Amino acid sequence: GGPGGVEPPRYAVRINTAADDNIACAAISPDGAWVACAHASRLSLYKLTEDDDGTLDVDKVNIPKAVARGSANAVTFLRAAQCLAVADRKGDILLIDLATLEVRATLRTGGGGDTQSGPTAVNLLQVSDDGEWLASADLSGQVHIWSLETERLHASLPALPARLSAMRFVPSPALSRQVLSLVTAENRLYLYEVEGKRLTAFPSPDASGPGGGGAVG
């Protein structure tokens with residue numbers, strides 16, 4: 001064992017992607033049964049199964065060639081829908097059904113064109129814990145929120161002054177609703193009430209004097 005009787009971390013499984021280029025993004029499904037990773041040249045999907053002795057087997061799964069060759073800027077698994085969300089290099093979000101391995105829906109962000117590294121390239125995806133909402137953010141700071149029940153756009157947030165460095169859905173028991181927290185590269189925090197479509201900005205950490213947040217837009 002390790003110091004204090006704590007077992008050191010060990011690998012559960014190694015996946016050899018057999019690719020020469022770097023991994024751009026990766027995700028593991030909430031149930032641990034799927035792994036997706038994207039290189040600059042392609043997107044790959046793997047299925048994990050456990051043997052009787054507890055070891056994990058890895059099988060590469062074929063996905064539509066157009067999706068695999070297009071690679072991705074961000075990937076995430078939808079918790080209850082058995083679905084993989086893929087932000088492709090054209091600025092769209094593809095929902096891949098894990099049962100059929102076909103594209104179930106395409107969510108249009110309005111980017112279009114060659115957006116691999118341009119300002120409309122989606123670089124962040126986040127799913128709410130209840131599986132109802134999907135948020136996307138691009139390099140310009142534009143955030144969209146999609147209803148996963150209808151697979152339609154729910155809201156587009158007012159443009160933020162800087163690109164996002166992180167975002168996460170936070171359940172709000174007091175409000176009985178979902179709140180999306182957003183942090184920009186300028187260390188600004190924003191909270192967005194999803195159902196109420198209200199964005200609140202908080203003072204930056206280096207702001208002088210007292211003061212609270214204010215609504216935006």
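The side chains of R104 and E151 come together in a salt bridge, with 2.8 Å from N to O. R104 belongs to strand β8 while E151 sits in the loop between β11 and β12, so this contact ties together parts of the chain that are 47 residues apart in sequence. Keep in mind as you look that this is a predicted model.

How accessible are the two partners? R104 counts as partly exposed, because its relative accessibility is 33%, and a salt bridge partner such as E151 is partly exposed too, at 25%. Both values fall in the range between buried, which is under 20%, and exposed, which is over 50%.

E151 deserves a second look for its backbone. Its phi is near 60 degrees, a positive value in a residue other than glycine. The loop that holds E151 runs between β11 (143-147) and β12 (152-156). If you click on this residue, then, you can see a charged side chain in a salt bridge with R104 and a backbone with positive phi.

N187 offers another case of this kind of backbone. This residue has a positive phi of about 60 degrees although it is not a glycine. You will find N187 in the loop between β14 (177-184) and β15 (189-193). N187 is exposed, because its relative accessible area is 53% and the cut-off for that word is over 50%.

Back to the charges: how many salt bridges does the structure hold? There are 2. Besides the pair of R104 and E151, D92 forms a salt bridge with R108, and their closest N and O atoms are 2.7 Å apart. This pair links distant parts of the chain, 16 residues apart: D92 is in the loop between β6 (83-87) and β7 (93-97), and R108 is in the loop between β8 (103-107) and β9 (122-127). Is D92 buried or exposed? With a relative accessible area of 8%, D92 is buried, whereas R108 is exposed, at 57%.

Some of the acidic residues gather at the surface instead. E50, D52, D53, D57 and D59 form a negative surface patch. One of them, D57, lies in strand β4, which covers residues 56-61. D57 counts as partly exposed, because its relative accessibility is 32%; a residue needs over 30% to be part of a patch.

Now turn to the cysteines. How many disulfides does the structure hold? The count is 0. Take C37 as an example: this residue is in no disulfide, and the nearest cysteine sulfur, that of C25, is 8.3 Å away. Two sulfur atoms would have to lie within 2.5 Å to be counted as a disulfide, so this distance rules the pair out. As for the surroundings of the cysteines, C37 counts as buried, with 5% relative accessibility, and C83 is buried as well, with a relative accessible area of 1%.

A last stop is F202, whose place is in the loop between β16 (198-201) and β17 (214-216). F202 counts as partly exposed, because its relative accessibility is 29%. Which distance separates F202 from L191 in space? From C-alpha to C-alpha they are 8.2 Å apart, with their positions 11 residues apart in sequence numbering.

Conventions:
Residues numbered from 1 in each chain as written. Predicted model: local features only at pLDDT ≥ 70, side-chain atom pairs only at ≥ 80, totals over all residues. Heavy atoms only, no water. Buried < 20%, exposed > 50% of the residue type's maximum accessible area, 1.4 Å probe, protein only. Patch = residues over 30% accessible without salt bridge, like charges linked within 9 Å, V, L, I, M, F, W, Y side chains within 5 Å. Areas by Shrake-Rupley, 256 points an atom, 1.4 Å probe, with all protein chains shown as cover. Salt bridge = Lys/Arg side-chain N within 4 Å of Asp/Glu carboxyl O. Lys, Arg positive; Asp, Glu negative; His and termini not counted. Charge placed at Lys NZ, Arg CZ, Asp CG, Glu CD. Helix = DSSP H or I, 4+ residues; strand = E, 2+ residues; numbered from the N terminus.
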